[in-house]
Structure formats: structure tokens, C-alpha cells
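Q: Please take a close look at the salt bridges in this model. Then go through the helices and buried positions elsewhere in the chain.

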Amino acid sequence: MTEFEKPKRHRIEHFDLLKGIAIFLVVMGHVITMCIRGLDAAFIFKLIEQVHMPIFFFISGYFTYKASAERTFITPGLKKRFLQLVVPFLVITPMWVCYFPHSKLLSPLSDNLPDLYRSVWKDGYWFTLCLFEMCALYMPLSLMLQRIKSVVGKVAVLMVAYGVLISLMVCFADVPGNVDYAGLSLLARFFPAFAIGVMAHHLHQCYQALLHRSGTFAVALVVFAGTFYCVAYPWDVWGADSAELWAFISLAITPVMHFSLFIIAITLVMPWSKKEFGPEAKPSVVARYFRLLGNESLGIYLLHYFFLFPLTGLQDPLKEMGLAFVPLTVTAASVAFCIIGVTLLVIHIIKKSKIASQLLLGIPYTK
């Protein structure tokens, strides 16, 4: 959900595919947790929860990094990001608050703007605000990183920034009470993914060499499996009475999990992308579909909530099947496909108006 307005540059097709897969997982997750409800313990939901948003932040960090022949870590401008992210957030959240009571969804979401803005997840619209704050945070960091020559020093600066964010979260956010006006908890949670994206672009050759090194994929799989288990099922690892301990250990483990996730995702998608979008290739329907979703990921994210609908009748049958991976995945994927189809149609209509595109899709208005 970055580079939304299709700038005139050579696109990185495997990132478009990754964004497409990630936004599909976002809608699948919302089908499980908002449409069907009560299935948050399912393995497929926990897997989706730990995969989709880190991918978006990694890609956002990758494209936020800019360099020239003279210097690296060029400070990004915030005006375009404000138009892309904050303006749609401020326009759509009042619309959502008005619409939510008519959606018949049983999710405990907000029926007024103050409650929405003070909550941790902002009724699902947290990403746009969080990414803008991430870019604003990156501005002073980029000035510091420009002046540091060693890679170790740069990583140290990013780790210190992560520690400061965790401290601010502890001091000013009440996650158990669902109060976090500034979104510090999610900013801290996803900052490492964004920072890894920045450094992956800065050290592009080293990152590519790591991806192609024999054994990297296998090690990444093992590391991801272990860290995912610790983060998704902490009570099995640390005990049922250590909630605060879970939280802090999770913050330490999650960056490692995200790094291994990015290696796995790119290693899997890059060959597929080269095969589908090579000079002589004719992309398959599946590849073209996910590329389309990747190109329209911000619009899908902003608008798909309006097309979610109650499916609570499926809750008991799926629970009786033990929240099995296959039936729950097929159900969520099928419903997500339909919801995305309607959303894409609405996006197509909105794009007929440049002003509406700016306000609702984050596509900067041009005369």
C-alpha cells in the first residue's frame, strides 16, 4: 500500500504481486474476524495476522528510501504522503462511523469519531495514519543516517529509535484499555518492518546476495516457524500468567520473524514474477489479478469495509470442524474474492472523478 498513484517509473513486479497477495489476505482476515466473528483462534487467522501488514510496511520502507549520486538517505517529502494517507483517513472515517450501524456487523467497533480516534486500531483504518507517522519519523532519522558511514552505526540508530518508540508506547498508550490516540503501539510494532525495507534498499546488492545464497530460504523457514509460534501462541511458550512478559518478548522477537518472512516471501514471489512478466511472457490470469490488486491496494484497503456483511451463521459449523485450515481458508478466500470484486468496481467508478479519487483513494489531484 505504497506508491499508490502509479508513478512514471519502472515497476518492480514482484512487489506488486506481494502487495496484491497481502491485500487479499487483509480482506480474508476481516472476513474471519468481522464477518464470521469468533474465529480468532484459528491457525489461518493467526498466520494472516502476522504476515499481511509487515509486508506492506517493508515495501513502504523500501520505496521511501531514496538516494542520489551525491548522498544516501535523502529526506522524503511529506506533502504527497499527507495527500495519499491522511486526507483519505480524515474523509473516510466519518463515513464509516455513519455507515457502521447499518452494516449489521457484530464487531465491537465505534459509533462515533472520538471513540474511533482514541482506539488502538482506529476501526481498521490505523494503517494510513501509522504509515504517515512512520514517514514523518523517518525524516529526522534519514538526516542522522546520512552522516553515519558504517552499517553497524546505522543499524544501531534504528534500534535506538525502536527502543524510544517502545518507551513512548509504554508511557502514553493503554493497549489493554484500547486507548492510543497517537497510534504509538502500532508504530512501534511495525517500525522494524519499515526499517528493514529501508535498509534492504540501501544495501540492495547485499540483500539480493542473501536472497540467492544457498540455504537462506531453509534457515528463514525455520526461524519464521519458531518465532511465529512464540508470537502467535505465547501462552504455550511463556505460560498463561505472563501477559506483560509476552508483550515485551514479542517486541524483541517480532523483528526477527519479520526479517525471515520477507526473505521467504520475496524468494517465493520473485521467480514467479520473472516467469509471468518477463520480456516474452504472457502473464496468467492469476498473476494479472494479483498485480491489479497490488496496484489498487490502497483503494481496496480504504473501501472494502463498506462491503463486509454478517456471516455469523457460518460460525458454529466452522467451529464444529475444529477451525480446520482448509474449510476456513476456502470460505474466507471465496467471500474475500467477492468483496474485492465489488470494491474494484466502486474504485473504477470513483476514478472517473479526480476530486473523489483524491478524497477516497489517496490519488493526488491534478488539473
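A: A salt bridge is a side-chain nitrogen of Lys or Arg within 4 Å of a carboxyl oxygen of Asp or Glu. Searching the whole structure turns up 4 of them. The model is predicted: local features need pLDDT of at least 70, side-chain atom pairs count only at pLDDT 80 or more, and totals for chains, interfaces and linings use all residues. Residues are numbered from 1 along each chain as its sequence is written, and side-chain values use heavy atoms, with hydrogens and water left out.

Start with confidence. pLDDT is the predictor's confidence in each residue, from 0 to 100. The chain average is 92, and 96% of the residues score at least 70. Residues 1-8 stay under 50. The model still gives that stretch 31 contacts beyond four places in sequence; a contact means heavy atoms within 4.5 Å. Where pLDDT is low, the predicted coordinates should not be read in detail.

Now the pairs. Among them is Glu13 with Arg291, at 3.7 Å from N to O. This bridge links distant parts of the chain: Glu13 sits in helix H1 (residues 13-36), Arg291 in helix H12 (residues 285-295), and their positions lie 278 residues apart in sequence. Helices here are DSSP runs (H or I, at least four residues), numbered from the N terminus. Arg291 is partly exposed, because its relative accessibility is 25%. The cut-offs: buried is under 20% relative accessible area, exposed is over 50%, and partly exposed is in between (1.4 Å probe, protein chains only).

H1 also holds a local pair. Asp16 bridges to Lys19, with the closest N and O atoms 4.0 Å apart. These two are 3 residues apart in H1, so about one helical turn separates them. Asp16 is buried at 2% relative accessibility. Lys19 is buried too, with a relative accessible area of 2%.

The Arg118–Asp115 bridge has its N and O atoms 2.2 Å apart. Both residues belong to helix H4 (residues 113-118), and being 3 residues apart puts about one helical turn between them. Arg118 is partly exposed, at 27%. Asp115 is partly exposed as well, at 30%.

Cysteines are quickly covered. A disulfide is a pair of cysteine sulfur atoms within 2.5 Å. The whole structure has 0 disulfides. Cys135 is in none; the nearest cysteine sulfur belongs to Cys130, 9.7 Å away. Cys135 is buried, at 1% relative accessibility. Cys206 is exposed, because its relative accessibility is 52%.

Cys135 leads to Thr64, which lies in helix H2 (residues 43-64). Beyond its neighbours within four places in sequence, Thr64 contacts Pro76, Arg81, Cys135, Tyr138 and Phe194. Thr64 counts as buried because its relative accessible area is 4%.

Next, helix H7. It covers residues 184-202, 19 in number. From first C-alpha to last it reaches 26 Å, close to the 27 Å expected at 1.5 Å a residue. That expected span is 1.5 Å times one less than the number of residues. H7 bends by about 40° at Phe190, and Pro192 follows within four residues. The bend is the angle between axes fitted to the seven residues ending at a position and the seven starting there. H7 is mostly covered, with 17 of its 19 residues buried.

Met199 is in H7. Its relative accessible area is 10%, so Met199 is buried. Setting aside residues up to four places away in sequence, Met199 touches Phe73, Val151, Lys154, Val155 and Leu158. Gly299 is 100 residues from Met199 in sequence, and the two C-alpha atoms are 27 Å apart.

Further along is Ile300, in helix H13. Ile300 is buried, with a relative accessible area of 0%. Residues up to four places away aside, Ile300 touches Ile23, Val27, Leu293, Ile340, Thr343, Leu344 and Ile347. Phe277 is 23 residues from Ile300 along the chain, and their C-alpha atoms are separated by 23 Å.

Last comes helix H16 (residues 354-361). Its buried residues are Ser357, Gln358, Leu360 and Leu361. Their cover includes helix H3 (79-103), helix H13 (297-303) and helix H15 (325-350). Gly362 follows H16 and has a positive phi, near 75°.
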